[in-house]
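Please open the structure in your viewer and keep the selection tool at hand. The tour goes from stop to stop, saying at each one what to select and what is there.

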Amino acid sequence: MSASWADAPSGGTVDVRLVKHGRTKITYPARLLADDGERVTVRAPWAGEGARDFGFVRFEPGDVFTEHFWRGRWYAVKEVRDAVGTLKGWYCDVTRPAGLADGVLVVEDLDLDLWVSADGREVLRLDEDEFAASGLAERDPAAAAAASAALDGLEKLARAGRLTELTAR
């Protein structure tokens, strides 16, 4: 996959395509902020329909996501702010390494997630049951191991208060 701004359509936008279990879960437009060949950073409004309350955070219209995807890492880190710019926290998706080509950023979600509250006190591992039920460990043991290691690494950084080191420019 390509590694440059040249793949973004004119206007500095890309379509982010989230794939899960071989099917497109959602595609949404995002403003391309940076692409250094390894990390692609985009910004997009909440792309869901209406609000979604997870219990530990509520995503709603007006929220803005600054999303960091890596071509060589097994995760994406999304900074979430409300409509007035107040930080809600970070939602981290464990994914296969991202690819950008022809203005489309493709990311394969591997079910595991991590939520980190704005103050860093709440660090929650999410969807481990979905990951186990996905059968990835049987189909692709190397990918399952990489995904588990990615979640462990993200959690370790978050608990040490160092998650933002991943997103610093």
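Select E155 to begin: with a relative accessibility of 15% it counts as buried, where buried stands for under 20% relative accessible area, exposed for over 50% and partly exposed for what lies in between, computed with a 1.4 Å probe on protein chains only. This is a predicted model, in which local features need pLDDT of at least 70 and side-chain atom pairs count only at pLDDT 80 or more, while totals for chains, interfaces and linings use all residues. Residues are numbered from 1 along each chain as its sequence is written, and side-chain values use heavy atoms, with hydrogens and water left out.

Now add R159, which is exposed at a relative accessible area of 53%. Both E155 and R159 belong to helix α3, four residues apart, about one turn of the helix; helices (H or I, at least four residues) and strands (E, at least two) are DSSP runs numbered from the N terminus. E155 and R159 form a salt bridge whose closest N and O atoms are 2.9 Å apart, a salt bridge being a side-chain nitrogen of Lys or Arg within 4 Å of a carboxyl oxygen of Asp or Glu. If you extend the selection to R125, E128 and D152, you have a network of five residues, R125, E128, D152, E155 and R159, joined by salt bridges that share partners.

How many salt bridges does the structure hold? There are 16, and two others are worth a visit. Select D111 and K20, whose closest N and O atoms are 3.2 Å apart in their salt bridge. This pair links distant parts of the chain, since D111 is in strand β10 and K20 in strand β1, 91 residues apart, and both D111 and K20 are buried.

Go next to R96 and D140, a salt bridge with its closest N and O atoms 3.2 Å apart. R96 lies in the loop between β8 and β9 (99-101) and D140 in the loop between α2 (136-139) and α3 (141-159), so the pair ties together parts that are 44 residues apart in sequence. R96 is partly exposed, with a relative accessible area of 22%, and D140 is also partly exposed, at 26%.

Turn now to the aromatic rings, of which the structure holds eleven pairs. Rings of Phe, Tyr and Trp (its six-membered ring) pair if their centres lie within 6.5 Å, and planes under 30 degrees apart count as stacked, over 60 as edge-to-face and the rest as tilted. Select W46 and F59, a tilted pair at 5.4 Å centre to centre with 50° between the planes. Both W46 and F59 are buried. Then select Y91 and W115, another tilted pair, with 6.5 Å between the centres and 50° between the planes. Y91 sits in strand β8 (residues 87-95) and W115 in strand β10 (residues 104-117), 24 residues apart, and both are buried. These four belong to one aromatic cluster, together with F54, F56 and F65.

For the last stop, select L18, K25, W46, R52 and Y91, which lie nearest the centre of the largest pocket among its 27 lining residues. On a 1 Å grid over the protein atoms alone, a pocket is an open set of points where a 1.4 Å probe fits, with protein on both sides within 12 Å along at least five of seven lines, and lining residues have an atom within 4 Å of a point. By class, 16 lining residues are nonpolar, one is polar and ten are charged.

Conventions. Nonpolar A, V, L, I, M, F, W, Y, C, P; charged D, E, K, R; others polar.
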